[in-house]
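Subject: Structure for your review

Hello,

Here is the structure you asked about, with the sequence alongside. My notes on what was found follow below.

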Amino acid sequence: MEHKRPEYEETPRMAEFRRRKEKEIKRRRRNKRMTKIVLVIVVIWALIAVVAAAFHVTNGFGIFEGKKPSLSSAEETKDAIEQNEQQTLAEQNLKQTIESESKKEVAESEETSLEEKTEDATKASEAEKTVKKHEDPREDVWNHYTNMFIASKVNTYLNVRNQPTTDGTIIGKLTKYSGGELVEDMGNGWWHISSGGIDGYIWSENCVTGEEAKEVALEHCMQMVEVTTEKLNVRSGPGLEYEVWTTLNANEKQVVEEKDGDWLKIAFNSTYGYINEDYVKTGFYLVEAIPWSSISDCSPTRQQILTFGEQYIGTPYVYGGTSLTGGIDCSSFVQQCYASAGFSLPRTSREQATRGTQITLNEAKPGDLLFYADATGTIDHVVMYLGDGKILHAALSLGQVTISKYNYSTEPVRVVNIIGD
């Protein structure tokens, strides 16, 4: 039975080796040809020298055995002319041979040069493509996941449940364009995922993975810094001469607004702080799942306020914004959530902090308001408490309405009960 030789696809490395081998073979052939030319030249000149010497000896010195034959003047002249013609013809042949070989050498040199230029141009083109392919720093987002998924097909948020069924308890929320690690495809429409420290299950039809997820990630990832030390001071300005406002813990991530020398400006509450770049690593990340817990253990009024606010998770944060769908800031978000239950609150967080009854954090119930201050102690942020150490708010730091830990940046400076129960 005849066996066919397997065909292999030539790899770039194999192609490079083949090109080098072909160039070496051409070089050896060229050197061999030049050696032959030199030898031919030497032999021809040697023959010319021998003939000339023989002619000179025969006509001048009579060193041959026997007597030099006597030639007439005409015959001697004829022999000399013939010999000169032969010598001239030999020289012309030699010249033509040298010119022919020189032309071949030039042609081969030009051919080799053209091949080398073409090869160099090809390599340069491939190198340029490689650089272009990897010149986008946002591609760093891919390195944080083995099998990335993104919740790109949702209007507001996607529930993360503790079981792969709609009867499972909601333990987290994925806002639009947030993502994480796809752990396992359950095969029944549900995915087992891990995101933001939450391990649970989501409905797969609302998400993308693979190459499609990579393309979406490039458009919606965020540049953040991750703390690499146990504690990192956040200062009110870009330098050690500015006072410490608060601290960040190891592995915490914050969105970078801009760079000022060795200092990075990051979003905090509704204002900004500064951290030293020597204690963080910068990268591009996806927004990940936010934790969730039931708000049933409270009065109907409190449930109404918080349920109203929950439906706008993912709305963009806009300083001074008042739109629950187009963009809103922290105080307008609280104002409109309370208005849904018939409460009228002032527009700004500083004014809202003057209303209601001041209480301690331990006394806070779902729906109570927590206020935060900037580095000077001025109140600049307000949130609604959800219970279980979580808050619902429009956050500058993540650019949207979201759920966070109550002390995600700083401790609250004031807690008030507006509702009264």
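**Notes on the model**

Arg-138 is partly exposed, because its relative accessibility is 27%, between the cut-offs of 20% for buried and 50% for exposed. Its salt-bridge partner is Asp-136, with 2.8 Å between the closest N and O atoms. Please keep in mind throughout that this is a predicted model.

**The chain as a whole**

The chain has six helices and 23 strands. Of its 421 residues, 38% are buried. Taking contacts between residues at least 6 apart in sequence, 60% join residues at least 24 apart. The accessible surface amounts to about 24,600 Å², and carbon and sulfur atoms account for 50% of that.

**Salt bridges**

There are eight salt bridges in the structure. Besides the pair of Asp-136 and Arg-138, two others are described here.

Asp-368 and Arg-302 form a salt bridge with an N to O distance of 2.9 Å. This pair links distant parts of the chain, 66 residues apart. Asp-368 sits in the loop between strand E18 (357-359) and strand E19 (369-373), while Arg-302 belongs to helix H4 (residues 300-310). Both Asp-368 and Arg-302 are buried.

Asp-329 and Arg-347 form another salt bridge, where the closest N and O atoms are 3.0 Å apart. Asp-329 is in the loop between strand E17 (327-328) and helix H5 (330-339), and Arg-347 is in the loop between H5 and H6, so the salt bridge ties together parts that are 18 residues apart in sequence. Are the two partners buried or exposed to some degree? Asp-329 counts as buried because its relative accessibility is 7%, under the 20% cut-off. Arg-347 has a relative accessible area of 27% and is therefore partly exposed.

One network also turned up: Arg-302, Asp-368 and Asp-421 are joined by salt bridges that share partners.

**Around Asp-329, H5 and H6**

Which residues does Asp-329 touch, leaving aside neighbours within four places in sequence? Its contacts are Tyr-317, Val-318, Tyr-319, Gly-320, Gly-321, Arg-347 and Ala-394. Arg-347 is thus in this list as well as being the salt-bridge partner of Asp-329. Thr-348 is 19 residues from Asp-329 in sequence, and the C-alpha atoms of the two are 9.7 Å apart in space.

Helix H5 is mostly covered, with seven of its ten residues buried. Those buried residues are Cys-330, Ser-331, Ser-332, Phe-333, Val-334, Cys-337 and Tyr-338.

Ser-349 is in helix H6 (residues 349-352). Ser-349 is buried because its relative accessible area is 7%, again under the 20% cut-off. Neighbours within four places in sequence aside, Ser-349 is in contact with Ser-331, Phe-371, Ile-379, Asp-380, His-381 and Val-382. Of these contacts, Ser-331 is one of the buried residues of H5, and Phe-371 falls in the range of strand E19 (369-373).

**Pockets**

The largest pocket holds about 980 Å³ of space. Its lining is made up of 33 residues, and those nearest its centre are Glu-252, Lys-253, Leu-398, Lys-405 and Tyr-408. Four elements each give two or more residues to this lining: strand E10 (244-249), strand E11 (253-260), strand E15 (290-291) and strand E22 (400-405). Which element gives the most to the lining of the largest pocket? That is E22, with four residues. By type, the lining of the largest pocket has twelve nonpolar, 14 polar and seven charged residues.

The volume of the second largest pocket is about 330 Å³. It is lined by 20 residues, of which Lys-176, Gly-314, Thr-315, Pro-316 and Gln-400 are the closest to its centre. The lining of the second largest pocket has nine nonpolar residues, ten polar and one charged.

Regards

Note on methods:
Residues numbered from 1 in each chain as written. Predicted model: local features only at pLDDT ≥ 70, side-chain atom pairs only at ≥ 80, totals over all residues. Heavy atoms only, no water. Buried < 20%, exposed > 50% of the residue type's maximum accessible area, 1.4 Å probe, protein only. Contact = heavy atoms within 4.5 Å. Salt bridge = Lys/Arg side-chain N within 4 Å of Asp/Glu carboxyl O. 1 Å grid on protein atoms, 1.4 Å probe; cavity = no way out; pocket = protein on both sides within 12 Å on 5 of 7 lines; lining within 4 Å. Points joined across faces, edges and corners; volume = space filled by probe spheres on them. Nonpolar A, V, L, I, M, F, W, Y, C, P; charged D, E, K, R; others polar. Areas by Shrake-Rupley, 256 points an atom, 1.4 Å probe, with all protein chains shown as cover.
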